[in-house]
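Colleague: I should like to go through this model step by step, with the reasoning set out for each answer. May we begin?

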Amino acid sequence: MKIASSSAAILGLVGGVTLGMWIGVAMTTARDAAQAPVATASAVAAPAAEPVTVAPKRLARISHVRPVTVARPATPDAAPKLVMTIPVSAPELHDRMKPVLARGTRIPLAVEGFRDAEQFATLAHAARNTQVPFILLKHRVLAEGQSLEAAIRASKPEIDARQEAARARIEAKADIVALSATD
């Protein structure tokens, strides 16, 4: 009886350690992916590029990490022109988006949850262009995980959601380019 309970205790301990190591690797990998350096600039016009496969050295031994393919300019002279990204908390973005949003909208509350200024501006323009309340589109896109097209289609099935989403993206990109040009 003593051998059985000792064996069960040892198996439980070994199983716990193994499970802890497995979870630790998964959490570390997820954390490293979340903390990966975020590009602070995005390419406006990129020439033809030669793809290069890069595998992170620290994570190369882990089987579920896939190599990342990045584009490398064909020549050093063909480097893409860069436009600085604007943070969602930037006051100049708030000033630019205030006329786009409904009167009385609290901008600090409106920008909560967006990953970047372009996503926020796109949703704001889509709300104005389609006359769908911004908060409804925000809820459908951020909380429910719908695409902008699906959120527009769910709110107003009679309009062309694809065209309206494309129009909002173009207007948002124009705002971001105009804001980064003034910096």
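The exchange below concerns a predicted model and turns to one helix and then to salt bridges.

Colleague: How far apart are the end C-alpha atoms of helix H4?

Modeller: Helix H4 covers residues 117–130, which makes 14 residues. At 1.5 Å a residue, the helix should span 20 Å. The separation in the model agrees with that expectation: the end C-alpha atoms are apart by 20 Å.

Colleague: How many of the 14 residues of H4 are buried?

Modeller: A residue counts as buried when its relative accessible area is under 20%. Among the residues of H4 that meet this rule are Phe120, Leu123, His125 and Asn129. The helix is mostly covered, and the number of its buried residues is twelve.

Colleague: Which residue has a side-chain oxygen that reaches the backbone nitrogen of Glu118?

Modeller: The place to look is the start of H4. There, a side-chain oxygen lies within 3.4 Å of the backbone nitrogen of Glu118, and it belongs to Asp116.

Colleague: Which residue takes a positive phi just after H4?

Modeller: H4 comprises residues 117–130. Just after the helix, a phi of about 65° is found at Gln131.

Colleague: Why does the salt bridge of Arg96 with Asp175 tie together separate parts of the chain, and how many residues apart are they?

Modeller: The closest N and O atoms of Arg96 and Asp175 are 2.9 Å apart. Arg96 lies in helix H2 and Asp175 in helix H7, so the pair joins two helices. In sequence, the parts tied together are apart by 79 residues.

Colleague: Is Asp175 buried or exposed?

Modeller: The cut-off for a buried residue is a relative accessible area under 20%. Asp175 has a value of 9%, whereas its partner Arg96 is partly exposed at 36%. Asp175 is therefore classed as buried.

Colleague: Which helix holds the Glu149 that pairs with Arg162?

Modeller: Arg162 forms a salt bridge with Glu149, with the closest N and O atoms 3.8 Å apart. The two residues are 13 residues apart, and Arg162 lies in helix H7. Glu149 belongs to helix H6.

Colleague: Which residues are linked with Glu171 in a network of salt bridges?

Modeller: Glu171 forms a salt bridge with Arg167, the closest N and O atoms being 3.6 Å apart. Both residues lie in helix H7, four residues apart, about one turn of the helix. In an α-helix, residues three or four places apart point the same way, because there are 3.6 residues a turn. The network links Glu171 with Arg128, Glu164 and Arg167.

Methods
Residues are numbered from 1 along each chain as its sequence is written. This is a predicted model: local features need pLDDT of at least 70, side-chain atom pairs count only at pLDDT 80 or more; totals for chains, interfaces and linings use all residues. Side-chain values use heavy atoms; hydrogens and water are left out. The expected span of a helix is 1.5 Å times one less than its number of residues. Buried means under 20% relative accessible area, exposed over 50%, partly exposed in between (1.4 Å probe, protein chains only). A polar contact is a pair of N or O atoms within 3.5 Å; within protein, one must be able to donate a hydrogen and the other to accept it, and residues adjacent in sequence count only if both atoms are side-chain atoms. A salt bridge is a side-chain nitrogen of Lys or Arg within 4 Å of a carboxyl oxygen of Asp or Glu.
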